[in-house]
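Got your viewer open? Load the model below, and let's walk through it one selection at a time.

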Amino acid sequence: MTDLPNIRHLRAFREVARQRSISQAAERVHLSQPAITQAIAKLEAQLGTALFERRFDGMPTTTAGALFLDRVERMLEGLRSGAREAVRVGDRKAARGFADFDQLLTAAQLRALVAIANAGNFSLAARAVNIAQPSIHRAARDLERLSGLSLFTRSAAGITLTAAAKALVQHVKLAIAELEQGFAELADHLGTDQSRIVVGSMPLARTHILPTAINALAAERPEVRIQVVDGPYDDLLHGLRHGEIDVLIGALRDPVPIDDVVQETLFTDPLAVVVRAFHPLTRRAVAPDDLAAGRWVVPRPGTPTRKHFDALFAERGLPLPAGIVEASSLQLIRGLLLGSDALTLISLHQIRHERNLGLLVPLPVELPGGERPIGLTLRRGWRPTATQDRFLSCLRDAGKQAR
């Protein structure tokens, strides 16, 4: 997690930018003028650049200040939305609580909340953020007192978040992600691209599209850090919606799984029944009974390809095969197919290297409607940095090559 600046300093910065005056900002944020002056100085020292021009007629933001202001506005609005959503869904713990408690949130409380949410345990949370466990306890209890909400409950497995806490955590993580983007934009503006891009990748994208896009970006901006996260779709979607992943690439869902994400199709992907080279079924016509009698390697239920697999048999009036191995790892699927007479239903793009090497081959089995849209899933309202936007362009270019 980013080393968060003092939240009151960020609010002071925003108000000075709006008013172009420290004296007028002081009246609105209830801080003295010397305190605001000191807050701005500390923030500028932390960021390594001036945020304001000091002029006799006011304090307009510098170019860097205007860049950072936009991200601070988005961050603070995220905290405000999170507080209101938490109040809406939460159970009141105290008779009194501050409805707009986001105005009083501290960086320590935000760090504690996220650490507890990630670890599910006070001790592990304290270790993760390298502070004493009593400090984590104190920050968590202060947050409950401030909001008047019940946020944490103890269970046999550790600490469980209430509905209010889950709502708040999601918005806090998104707010922190906005601030991290602000830091990256400032660094880029100052001549050092410190961007970090986190990509959630489903199996198909790992063979061609993602490597092609990463290599293209690395050739232009070798200092950019890219982290690729693999996992089940539901886990990747959760990470995307909580600001832990910037973009998700793979098979799109129909309908869109939730209204706070948007999908963009890059290309349609043909599915095929695939076997090893020199498989017995490559030497003769494939009958429906051959499909029913085969041993299959297929994705787990709920995935788009599994739905096509089930339809393959339902449309032919065949029972599902008895011998099924559920797997999504291409390495495992390839090993199972090369070492046996197993069949799989898989994307032709996903096995392009294996086809080129003559290891795997598609069978001439008709698959009406056996195409899936492949593309990007993004948070609704997400505003990428220039580097992130360039990476999206690289992904789109790689998608065009795959058509």
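**Stop one: a strand with several partners**

Start by selecting Val-274 and Thr-344: the bridge partner of Val-274 in β9 is Thr-344. Before going on, know that this is a predicted model, where local features need pLDDT of at least 70, side-chain atom pairs count only at pLDDT 80 or more, and totals for chains, interfaces and linings use all residues. Residues are numbered from 1 along each chain as its sequence is written, and side-chain values use heavy atoms, with hydrogens and water left out.

Now colour the whole of β6 (residues 261-276) and β9 (residues 343-347): they pair in the antiparallel sense over four bridges. Strands here are DSSP runs of E with at least two residues, helices are runs of H or I with at least four, and both are numbered from the N terminus. Two strands pair if DSSP finds at least two bridges between them.

Next, add β11 (residues 371-379), which runs antiparallel to β6 and is joined to it by nine bridges. To find a spot on that seam, pick Gln-263, which stands opposite Thr-377 in β11. Then bring in β10 (residues 360-362), joined to β6 by three bridges, again antiparallel. Here, Arg-276 has Leu-360 as its bridge partner in β10.

**Stop two: a glutamate under cover**

Keep Leu-360 on screen and select Glu-354, which sits in helix α14 (residues 352-356). Is Glu-354 buried or exposed? Glu-354 is buried, because its relative accessible area is 4% (buried means under 20%, exposed over 50%, partly exposed in between, using a 1.4 Å probe and protein chains only). What does Glu-354 touch, once neighbours within four places in sequence are set aside? Show Leu-330, Arg-334, Leu-359 and Leu-360, which are in contact with Glu-354; contact means heavy atoms within 4.5 Å.

**Stop three: a hairpin**

Jump back along the chain to β1 (residues 152-155) and β2 (residues 158-161), an antiparallel pair joined by four bridges. Two residues make the hairpin connection from β1 to β2. Click Arg-154 and look across to Ile-159 in β2, which stands opposite.

**Stop four: helix α8**

Select residues 163-189 to light up α8, a helix of 27 residues. From first C-alpha to last, α8 reaches 40 Å, close to the 39 Å expected at 1.5 Å a residue; the expected span is 1.5 Å times one less than the number of residues. Try a surface view: α8 is mostly covered, with 20 of its 27 residues buried.

One residue to pick in α8 is Ala-167. Ala-167 counts as buried because its relative accessibility is 13%. Beyond its neighbours within four places in sequence, Ala-167 is in contact with Glu-85, Ala-86 and Val-89. Draw a distance from Ala-167 to Leu-79 as well: they are 88 residues apart in sequence, yet 11 Å apart in space, C-alpha to C-alpha. Just after α8, stop at Gly-191, which takes a positive phi of about 100°.

**Last stop: zoom out**

Finally, show the whole chain, with its 15 helices and eleven strands. The C-alpha trace spans about 85 × 50 × 35 Å along its principal axes. Of the 403 residues, 48% count as buried. Among contacts between residues at least 6 apart in sequence, 73% join residues at least 24 apart.
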